[in-house]
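Here is a walk through one chain, meant to be read with the structure open beside it. Please keep the viewer at hand as we go from place to place.

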Amino acid sequence: MSEKTPRLPDKYLDVAKKVIKENRSKNNCKACYDRGFIGTNQDNMVVPCTKCVDIEEVMVKWRSFVRENEELTNLYGEYFEEDEEEQVTK
Ligand SMILES: [Zn+2]
């Protein structure tokens, strides 16, 4: 089985867009028509505009949102927590 990122449930798209909007570094952007995002990718993840959005800040905020949300933690927790390796030997 190849590793595949789970698809983001549609109900979280608005949260993702809100996080992006809150972390825009300028207000006039022709690249994204001031939306702050370009679209969604194949995993239904919102793709932030690199011209006007602080991507790193968005990732920090998004990770903490995922951690506080049980459904998202179940979906993506393993992608964000690599320090806690599963004990396979047990
Ligand atoms: Zn933009």
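Asn44 sits in the loop that joins strand 1 to strand 2. Is Asn44 buried, exposed or partly exposed? With 15 C-beta neighbours inside 10 Å, it falls in the partly exposed class, because that class lies between the limit of 12 or fewer for exposed residues and 20 or more for buried ones. If you set aside the neighbours within four places in sequence, Asn44 is in contact with Arg7 and Leu8. Another residue to look at here is Pro6: its C-alpha atom is separated from that of Asn44 by 8.8 Å, though their positions lie 38 residues apart along the chain.

Gln42 belongs to the loop between strand 1 and strand 2 as well. Gln42 counts as exposed, because it has 8 C-beta neighbours inside 10 Å. Pro6 comes up again here, with 9.9 Å between its C-alpha atom and that of Gln42, at a sequence separation of 36 residues.

It helps now to step back to the whole chain. This is a predicted model, with an average pLDDT of 88 over the chain and 84% of the residues scoring at least 70. Where is confidence lowest, and where is it highest? The lowest mean, 85, belongs to helix 3 (residues 70-80), and the highest, 97, to helix 1. The secondary structure amounts to three helices and two strands, and along the sequence these follow the pattern α-β-β-α-α. Of the 90 residues, 16% count as buried. If you take the contacts between residues at least 6 apart in sequence, 47% of them join residues at least 24 apart.

Let us turn to helix 1, which covers residues 13-22 and has Ala16, Val19 and Ile20 as its buried residues. Why can these be said to line one face of the helix? Seen down the axis of helix 1, the buried residues fall within an arc of 100°, so they share one face. They pack against strand 1 (37-40), strand 2 (46-48) and helix 2 (55-68).

Those three residues also take part in the largest nonpolar core. In soluble globular proteins, nonpolar side chains tend to be buried together. The core in this chain has nine residues: Ala16, Val19, Ile20, Phe37, Val46, Cys52, Val53, Val58 and Trp62. Helix 1 and helix 2 are the elements that give two or more residues to it, and the largest share, three residues, comes from helix 1.

How do the two helices meet? Two packed helices are described by the angle between their axes and the distance between the axes. For helix 1 and helix 2, the axes come within 9 Å and cross at roughly 145°, and the crossing is right-handed. On the helix 1 side the contact is made by Val15, Ala16, Val19 and Ile20, and on the helix 2 side by Val58, Lys61, Trp62 and Phe65. Val19 is a good residue to click on: leaving out residues up to four places away in sequence, it touches Val58, Lys61, Trp62 and Phe65.

The last stop is the loop between helix 1 and strand 1, where Asn27 is found. Asn27 is exposed, because 8 other C-beta atoms lie within 10 Å. Its C-alpha atom is 7.5 Å from that of Cys52, which is 25 residues away along the chain and is a member of the nonpolar core described above.

Tyr33 lies in this loop too, and so does Asp34. What are their backbone angles like? Most residues other than glycine have a negative phi, and most peptide bonds are trans. Tyr33, however, has a positive phi near 55°, and Asp34 has a positive phi of about 65° although it is not a glycine. As for their surroundings, Tyr33 counts as exposed because it has 10 C-beta neighbours inside 10 Å, while Asp34, with 14 such neighbours, counts as partly exposed.

Key: Residues numbered from 1 in each chain as written. Predicted model: local features only at pLDDT ≥ 70, side-chain atom pairs only at ≥ 80, totals over all residues. Helix = DSSP H or I, 4+ residues; strand = E, 2+ residues; numbered from the N terminus. Arc of directions from axis to C-beta. Contact = placed C-beta atoms within 7 Å. Core = buried A, V, L, I, M, F, W, Y, C linked by C-beta atoms within 7 Å. pLDDT = per-residue confidence, 0-100. Axes fitted to C-alpha atoms, helices over the stretch in contact; angles between N-to-C directions. Left-handed = near helix turned anticlockwise from the far one by under 90°.
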